[in-house]
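Thank you all for making time this morning. I would like to walk slowly through one structure with you, so please have the picture open while I talk.

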Amino acid sequence: MTELNQPLPAPVPSQELRDRLAQRRSAPAQALAAPGPTDAELDEILTLGARTPDHGKLFPWRFVVLGPLSRAEIAEKLTVLAELHNRPAKHQAVLAKLTAAPVTILVVSAPVPNAKPIWEQHLSAGAVCMNLEHAAGGFGYSSSWITDWYSYDPQATALFGLTEGETVAGFIHIGTLTEPALERPRPDMAAKVTRLP
Ligand SMILES: Cc1cc2nc3c(=O)[nH]c(=O)nc-3n(C[C@H](O)[C@H](O)[C@H](O)COP(=O)(O)O)c2cc1C
């Protein structure tokens with residue numbers, strides 16, 4: 001581990017990294033199966049995920065690691081809560097995405113009040129989600145970033161231990177795919193990029 005305030009090595013070009021980024025693809029959450037990360041791998045994935053820009057060194061997020069037991073228990077309670085929604089069957093069906101993977105990291109956006117703009121703190125939590133996916137990919141795992149209705153229902157978020165002012169940035173499900181993920185449409189870059197002199 002590099003000491004604080006010590007110079008870091010300059011970045012070197014990496015075709016391997018570029019190839020990884022060019023091929024990165026989310027997994028369908030319900031298709032994620034064992035093996036998942038070991039405890040030591042998970043520790044490293046979390047540490048790499050936390051190595052993310054944030055304005056003001058606030059680290060305005062936290063992680064809840066959810067194994068199969070806790071997810072099954074919570075999913076049972078969510079099945080009941082889903083009855084209170086329109087189209088309960090649809091709300092219940094998506095719970096399959098919550099329980100399939102070997103492990104799930106819930107990224108909680110936990111902005112610090114009266115510090116940097118709240119929007120920027122939420123953006124940092126989103127960046128953490130993406131970094132966790134890259135870190136999981138570094139170990140050869142596939143992953144999926146899911147929110148779904150239970151990220152926005154206060155009774156549901158309480159089941160995951162969220163408190164006042166906290167928001168779900170994402171459930172990052174990690175595991176192994178038995179079949180490669182399919183590609184999906186990618187943006188027309190000419191329509192997305194404006195270049196100014
Ligand atoms: C913040 C956020 C929330 C998402 N929530 C869901 C969700 O609830 N359900 C779902 O099927 N996909 C959800 N997705 C989309 C999946 O992660 C999707 O598979 C992914 O964006 C595919 O793109 P990729 O292959 O470039 O990773 C979400 C994506 C983001 C960024």
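**Around the ligand**

Let me begin with the ligand, whose surrounding residues in this model are Arg24, Arg25, Ser26, Lys97, Trp145, Ile146, Thr147, Asp148, Arg184 and Arg186. Please keep in mind throughout that this is a predicted model. If we sort the shell around the ligand by character, we find two nonpolar residues, two polar ones and six charged ones.

Which side chains have an N or O atom at a short listed distance from the ligand? The side chain of Arg24 places an N or O atom 2.8 Å from a ligand oxygen, and for Ser26 the corresponding distance to an oxygen atom of the ligand is 2.3 Å. With Thr147 the ligand atom is a nitrogen, and it sits 2.9 Å from an N or O atom of that side chain. As for the ligand's surface, the ligand taken alone exposes 620 Å², and the protein buries 65% of that.

One member of this shell, Lys97, deserves a moment, and it is found in helix H5. Lys97 counts as partly exposed because its relative accessible area is 24%, which falls between the limits of 20% and 50%. Apart from neighbours within four places in sequence, Lys97 is in contact with Ala29, Gln30, Ile146, Asp148 and His173. By contrast, Thr47 is 50 residues from Lys97 in sequence, and their C-alpha atoms are 25 Å apart in space.

Now let us turn to the interior. In soluble globular proteins, nonpolar side chains tend to be buried together. The largest nonpolar core here has 20 residues, and those that touch the most other members are Leu66, Leu78, Leu106, Trp149, Tyr150, Phe160 and Phe171. At least two residues of this core come from each of strand S1 (61–66), helix H3 (68–82), helix H5 (95–99), strand S2 (103–109) and strand S4 (167–175), and H3 gives the most, with four residues.

To see how such a core is knit together, look at Phe160, which, leaving aside neighbours within four places in sequence, is in contact with Val64, Leu66, Ile74, Leu78, Leu98, Leu106, Tyr150 and Phe171. There is also a second, separate core of 17 residues, and among them are Leu46, Val103, Val128 and Leu132.

Is Thr104, in strand S2, buried or exposed? Thr104 counts as buried, because its relative accessibility is 0%. The side chain of Thr104 makes a polar contact of 2.7 Å with the side chain of His173. Beyond residues up to four places away in sequence, Thr104 touches Val64, Val65, Leu66, Arg71, Leu98, Phe171, Ile172 and His173.

Finally, I would like to point out some details of the backbone in the loops. Ala34 and Pro35 are joined by a cis peptide bond, with omega at about 0°, and Pro35 belongs to the loop between helix H1 (15–23) and helix H2 (39–49). Lys57, in the loop between H2 and S1, has a phi near 50°, which is a positive value in a residue other than glycine. Asn114, in the loop between S2 and helix H6 (118–138), likewise has a positive phi, near 55°. Lys57 counts as exposed because its relative accessibility is 68%, and Asn114 is exposed with a relative accessible area of 83%.

How values were computed
Residues numbered from 1 in each chain as written. Predicted model: local features only at pLDDT ≥ 70, side-chain atom pairs only at ≥ 80, totals over all residues. Heavy atoms only, no water. Core = buried A, V, L, I, M, F, W, Y, C linked by side-chain atoms within 4.5 Å. Buried < 20%, exposed > 50% of the residue type's maximum accessible area, 1.4 Å probe, protein only. Contact = heavy atoms within 4.5 Å. Polar contact = N/O pair within 3.5 Å; in protein donor to acceptor, adjacent residues only side chain to side chain. Near = heavy atom within 4 Å. Areas by Shrake-Rupley, 256 points an atom, 1.4 Å probe, with all protein chains shown as cover. Nonpolar A, V, L, I, M, F, W, Y, C, P; charged D, E, K, R; others polar.
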